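Please open the model in your viewer and keep the sequence panel beside it. The tour below moves from one selection to the next and says what to find at each stop.

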Amino acid sequence: MTLRFLGPTSDDDGRPALYEIEGTDEILVQGERETDPEHIAQLHDAKESEALVRVPRNLLSRYALRSPALELQQFASISGLFRDFEHTAWRLETRRGYASDRNSPKWARFLVGEDIAGEPDNPWRENLRAQVSLGKRFERVRVVDQPLTQGQEFLRASAPSNVAAGEDIRTLTHTRVQQLGLPDYDLWLFDSKILARFAFDNEDTTLGVYLTQDPVEVLPACQVRDAAWHHAVPAQEFARRGRSGV
C-alpha cells in the first residue's frame, strides 16, 4: 500500500513524522524508539510485536486529527474552481515529469529543439487572463532537481506563455524542499479553504484528486504554501541562472 507523507515537526532533519497508509484509516509514526526500561515497565498490555516511539505532542496536534480517507475524484470535477475561486489559486508541482506533457503535441517539438516559449492562447491561458484581469492570482511553485530532468526542462521551456498570461511561477529545489520538511505530493489550494491533492500512477498519469474543505487538511496546506512561496525563485530568475550557469 502507498504511504502519503503527512508532515514532520519543525526539526531540520524532518523527523519525527507521520504517514498515512492510503486506502486505510491507519497512520504510520516515525520517531525515536523508546528504550527506557522504567517507561516500558509502566505500559499497559504491551505486546512483544509492538514498537514504541517517542514523538512530540505538536506532531499529533498538527497532523493526526485529519479527516477520514477521501474519495478520489476525476480532475474534471474541479474544473469550475479555476473560474469560480475568489482570490488565489495556488499550485505545488513536485513530480519529475508528467504523462500529460509527454503526450502533448509540444513534447515532440521540444525534443527536436524548437522554441516552445511563445505559444498562442489556449482555453487554460484564456481563463488565466480573464481571472487575472479581475484581480485574482494564479501562483505556482515547481519543485525541481539539479540538474533538471527532461520533464522539468520541458516545463521551464514552456513557462513563458503562462507567465505572459499572468501566472506567477516560481521554482524550488528538491534539496530545499527536504530541508524545509515540505510534502512531496502535488496539490491545488483555492482561496486558502479548498484543497485538491493529486493522485498519480507510476507512469506519472493523473488518476484524479482528493478534494476537501476540512480545516485539519487545509491549514497545513496553507503553511506549506507560505513556506514554499517564501523560499521559491521566480521562473524568470531561475531561467537566467540556468543560462548563466550560476
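**Salt bridges, stop by stop**

A search of the whole structure, which is a predicted model, finds 18 salt bridges. As general background, side chains of opposite charge can pair when their charged atoms come close.

Begin by selecting R109 together with E114, whose side chains meet in a salt bridge with an N to O distance of 3.2 Å. R109 counts as partly exposed, at 27% relative accessibility, and E114 is likewise partly exposed, at 41%. Keep R109 selected and add E119, because the side chains of E119 and R109 also meet in a salt bridge, here at 3.0 Å from N to O. E119 lies in the loop between α5 (105–111) and α6 (123–133) while R109 belongs to helix α5, so this pair ties together parts that are 10 residues apart in sequence.

Next, select R91, E93, R140, R142, E167 and D186, which are joined into one network by salt bridges that share partners. Within this selection, look at E93 and R91, whose side chains meet in a salt bridge at 3.8 Å, N to O. Are E93 and R91 buried or exposed? Both E93 and R91 are buried.

**The chain as a whole**

Now clear the selection and show the protein chain in a cartoon view, where 10 helices and 13 strands can be traced. The C-alpha trace spans about 70 × 40 × 30 Å along its principal axes. Of the 246 residues in the protein chain, 42% are buried. Among the contacts with a separation of 6 or more, 67% are between residues that lie 24 or more positions apart.

Switch to a surface view, in which the protein chain exposes about 14,100 Å², with carbon and sulfur atoms supplying 50% of that area. If you colour the surface by charge, the chain holds 30 positive and 39 negative charges, and the mean positions of these two sets are 6 Å apart.

**A nonpolar patch**

With the surface still shown, select I27, V29 and V53, which make a nonpolar surface patch of about 190 Å². V29 has its place in strand β3 (residues 27–30). V29 is partly exposed, with a relative accessible area of 34%, and so passes the 30% cut-off for patch members.

**Backbone details**

The last stops concern the backbone, and for these it helps to know that most residues other than glycine have a negative phi, and that most peptide bonds are trans.

Select Q146 and P147, where the peptide bond from Q146 to P147 is cis, with omega near 5 degrees. P147 is found in the loop between β8 (137–144) and α7 (150–165).

Move on to D45, which has a positive phi of about 55 degrees although it is not a glycine. D45 lies in the loop between α1 (37–41) and β5 (53–54), and D45 is exposed, with a relative accessible area of 71%.

Finally, select D204, a residue other than glycine with a positive phi, near 70 degrees. Where is the place of D204? D204 sits in the loop between β11 (194–200) and β12 (206–212). Whereas D45 is exposed, D204 is buried, because its relative accessible area of 17% falls under the 20% limit.

Note on methods
Residues are numbered from 1 along each chain as its sequence is written. This is a predicted model: local features need pLDDT of at least 70, side-chain atom pairs count only at pLDDT 80 or more; totals for chains, interfaces and linings use all residues. Side-chain values use heavy atoms; hydrogens and water are left out. Helices (H or I, at least four residues) and strands (E, at least two) are DSSP runs, numbered from the N terminus. Buried means under 20% relative accessible area, exposed over 50%, partly exposed in between (1.4 Å probe, protein chains only). Contact means heavy atoms within 4.5 Å. Accessible areas come from the Shrake-Rupley method with a 1.4 Å probe; for residues, only the protein chains shown count as cover. Lys and Arg count as positive and Asp and Glu as negative; His and the chain ends are not counted. The place of a charge is taken as NZ of Lys, CZ of Arg, CG of Asp or CD of Glu. Patches are made of residues with over 30% relative accessible area and no salt bridge: like charges are joined within 9 Å, nonpolar side chains (Val, Leu, Ile, Met, Phe, Trp, Tyr) within 5 Å. A salt bridge is a side-chain nitrogen of Lys or Arg within 4 Å of a carboxyl oxygen of Asp or Glu.
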